[in-house]
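This report goes through one protein model, moving from single residues to a pair of helices and then to the chain as a whole. Please keep the sequence and the structure open while reading.

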Amino acid sequence: MLDCMDDLRKISDLRLPPNWYPDARAIQRKIIFHAGPTNSGKTYHAIQRFLSAKSGIYCGPLKLLAHEIFQKTNDANVPCDLVTGEERVFASEDARQAPHIACTIEMCSTNTPYEVAVIDEIQMIRDPARGWAWTRALLGLCAEEIHVCGEAAAVDLVTELMYTTGEEVEVRNYKRLTPLTVLDYALESLDNLRPGDCIVCFSKNDIYSVSRQIEARGLECAVIYGSLPPGTKLEQAKKFNDPDDPCKILVATDAIGMGLNLCIRRIIFNSIVKPTVNEKGEKEIDSIPTSQALQIAGRAGRFGSSFTQGEVTTMHREDLVQLKEILSEAVPPVKAAGLHPTPEQIEMFAYHLPDATLSNLIDIFVSLSQVDGMYFVCNIDDFKFLADMIQHIPLNLRSRYVFCTAPLNRKEPFVCTTLLKFARQFSRNEPLTFDWLCRHTKWPLAAPKNIKELVHLEAVHDVFDLYLWLSYRFMDMFPDAALVRDIQKKLDDIIQVGVCNITKLIRASQSAAAPGTAEVVSEDFPTAKRDARVASDRRGAKSPEALSIAVEAPALRRARNPRASRSGTRQEDLKSYGRGSLANRLLREGLLTQEMLRQLESEWQDQHRNGRYGFGSKRDDQHSSKETGKKRK
């Protein structure tokens, strides 16, 4: 290895990414940055130029956004194709490529010439996992005009990056089209909900709890969260937006931050604390960042909707002051753009290190890589996880690399197991047929009877997505994409039925669970604990209904960044509450919430007063009460 070290260092030298795109460097591109907050019309103006061009490409962060532009462009009588990782839709019946394309950003071509390109949500160039896709589009698209849309916080970085390519940036600033007011009072009770309200939660756990409490009050609500299929999200959004539908309340995660047009009067933050993943791939819990808070709050009072003025507040009074602080802060500037090793670079590494596993190749590449101060290497933990998972399966390097870049949630065991089966079948050169997939997923599937079954259906939908994604990379081995797409649409309809009856599923999950236990479901994010409310709750503040469904989640790392100065007191409260006890361990692991802990304490105290001891002897119960008292002091 020492003999080839110089070669390896040259291959992993990432200091001049603009040179990776000679076609783009061969033309003089005009860069126009449309900078502004949510609901300012910045993307609208870029799309108008896209529509008027002879040819163009729109690059967005979500399938929903790409699909929206695809529809709008064809509705404007401009033929436009749709390209996502799982789908190709041609505007023409004879499948000829249209001059305009709407795509997810990872799928954009850096070899095809266009008159106009639109890169949406450019601030995501800093994303620890996906930032490389925005860097690739910005540096590599072959278009005479590049229209970049996003937060003003990214202007300086984009200008610096374009300076290295010899291209100037024209900045067009936009202001919000409708007023947005931060209210001076919190909602405090779900009895105070009004039509057009949207409660934003940062865990499925809270989604389930809040939606059930709303429907217990005789109100209908729509539900949107990240792991729902796109079709279900659109149907729930349509239901909420329809003035003739009795559903007037929306309960959603931060998935509403982009990709859906919603008629929201008021955004209500159920919590202002959420788990995040830092640049190192470590989980942290902290207050939501200013950029995300502004993006979510900005969804209220959308221009052209029935609500001409937006409002934002919190569910709990003690969170409101901090929300105002967060929204009043300047968004930190975007300082670096993401990069990711290309398959060609990894193949060259493998030539010099033929005995190394793909996971080791990636590790060595990152450790030897040199990056300019304007760039960083994106987090590769998901890639390495899949590389290790399929390492024992005999695949050539290029195929192995493709499997490891598959878009899946590694916290979903069923999806990961299916990818493993796909790779094993692929390695035997046996096509993965429609019948094989139906046997594996037990299709056809019935409507869910409880939350656990709904979560499984969402996982099966992800498996179908995975099949379609692989079918466009290995068409001969995944030959039945059309049939799979048909049953995926049927599955979407089944999931929609489940979501419409979500409160019934919650009740069924509760009744199926043993007394004193909780139904455990998988989540695509850990639970956001309301540690900001510990102090006030100890003083006897009224707490909402205890959360009924525990969420499977790993222990959350404590916040270690500068923002921790604002939330550090609450973090310490949580750490000191029940230190070293079983309760504290369950809290840390997300299997118990503060509300559930208080409910248990209340039940134990009632039993103590009435002389009933369901969990142990009187002595044990008294000892528990004393210990709890000590911790409260």
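Which residues does glutamate 151 touch, not counting residues up to four places away in sequence? In this predicted model, the residues that glutamate 151 touches on that basis are Phe33, Gly36, Gln123, Arg126, Ser291 and Val331. Glutamate 151 itself is placed in the loop between strand E8 (142-150) and helix H6 (155-165), and with a relative accessible area of 14% it is buried. The cut-off for that label is under 20% relative accessible area, so a value of 14% places glutamate 151 among the buried residues.

**Two further residues and their surroundings**

Leucine 250 belongs to strand E13 (residues 249-252), and its relative accessible area of 0% makes it buried. Once its neighbours within four places in sequence are left aside, leucine 250 is in contact with Asp197, Cys198, Ile199, Ala222, Val223, Ile224, Phe240, Ile256, Leu262 and Ile264. The C-alpha atoms of leucine 250 and isoleucine 267 are separated by 9.5 Å, with their positions 17 residues apart along the chain.

Histidine 45, by contrast in its setting, is found in helix H3 and counts as partly exposed at 39% relative accessibility. Apart from residues up to four places away in sequence, histidine 45 touches His34 and Tyr174. Histidine 45 and histidine 147 lie 102 residues apart in sequence, while their C-alpha atoms are 9.4 Å apart in space.

**The pair H15 and H16**

Two packed helices are described by the angle between their axes and the distance between the axes. For helix H15 (residues 413-427) and helix H16 (residues 434-441), the axes come within 12 Å and cross at roughly 145°, and the crossing is right-handed. On the H15 side the contact is made by Phe414, Thr418, Lys421, Phe422 and Gln425, and on the H16 side by Trp436, Leu437, His440 and Thr441. These residues divide into four nonpolar, four polar and one charged.

Lysine 421, a residue of helix H15, can be followed individually. Leaving aside its neighbours within four places in sequence, lysine 421 is in contact with Trp436 and His440, both of which are listed for H16 in the contact between the two helices. The C-alpha atoms of lysine 421 and histidine 440, which are 19 residues apart along the chain, are separated by 9.4 Å. Lysine 421 is partly exposed, with a relative accessible area of 33%.

**Backbone features in loops**

A cis peptide bond, with omega at about 5°, joins tryptophan 443 and proline 444. Proline 444 is found in the loop between H16 and helix H17 (451-471).

Positive phi values in residues other than glycine are given for asparagine 39, near 70°, and for alanine 95, at about 65°. The table sets out where these two residues lie and how accessible they are.

| Residue | Phi | Loop | Relative accessible area |
|---|---|---|---|
| Asparagine 39 | near 70° | between strand E2 (30-35) and helix H3 (42-52) | 13%, buried |
| Alanine 95 | about 65° | between strand E5 (88-89) and strand E6 (100-104) | 42%, partly exposed |

**Cysteines**

A disulfide is a covalent bond between the sulfur atoms of two cysteines. How many disulfides are there in this model? With the cut-off set at sulfur atoms within 2.5 Å, the count comes to zero. For cysteine 500, the closest cysteine sulfur is that of cysteine 247, and at 8.8 Å it is too far for a bond. Cysteine 500 counts as partly exposed at 40% relative accessibility, whereas cysteine 404 is buried, with a relative accessible area of 3%.

**The chain as a whole**

The secondary structure of the protein comes to 24 helices and 23 strands. Of its 633 residues, 54% count as buried, and the protein exposes about 28,200 Å², of which carbon and sulfur atoms supply 52%. Among the contacts in the protein with a separation of 6 or more, 76% are accounted for by residues 24 or more positions apart.

Definitions and conventions. Residues are numbered from 1 along each chain as its sequence is written. This is a predicted model: local features need pLDDT of at least 70, side-chain atom pairs count only at pLDDT 80 or more; totals for chains, interfaces and linings use all residues. Side-chain values use heavy atoms; hydrogens and water are left out. Axes are lines fitted to C-alpha atoms, for helices over the stretch in contact, and angles run from 0 to 180 degrees between N-to-C directions. Helices (H or I, at least four residues) and strands (E, at least two) are DSSP runs, numbered from the N terminus. A crossing is left-handed if the near helix is turned anticlockwise from the far one by less than a right angle, and right-handed if clockwise. Contact means heavy atoms within 4.5 Å. Ala, Val, Leu, Ile, Met, Phe, Trp, Tyr, Cys and Pro count as nonpolar, Asp, Glu, Lys and Arg as charged, and the others, Gly among them, as polar. Buried means under 20% relative accessible area, exposed over 50%, partly exposed in between (1.4 Å probe, protein chains only). Accessible areas come from the Shrake-Rupley method with a 1.4 Å probe; for residues, only the protein chains shown count as cover.
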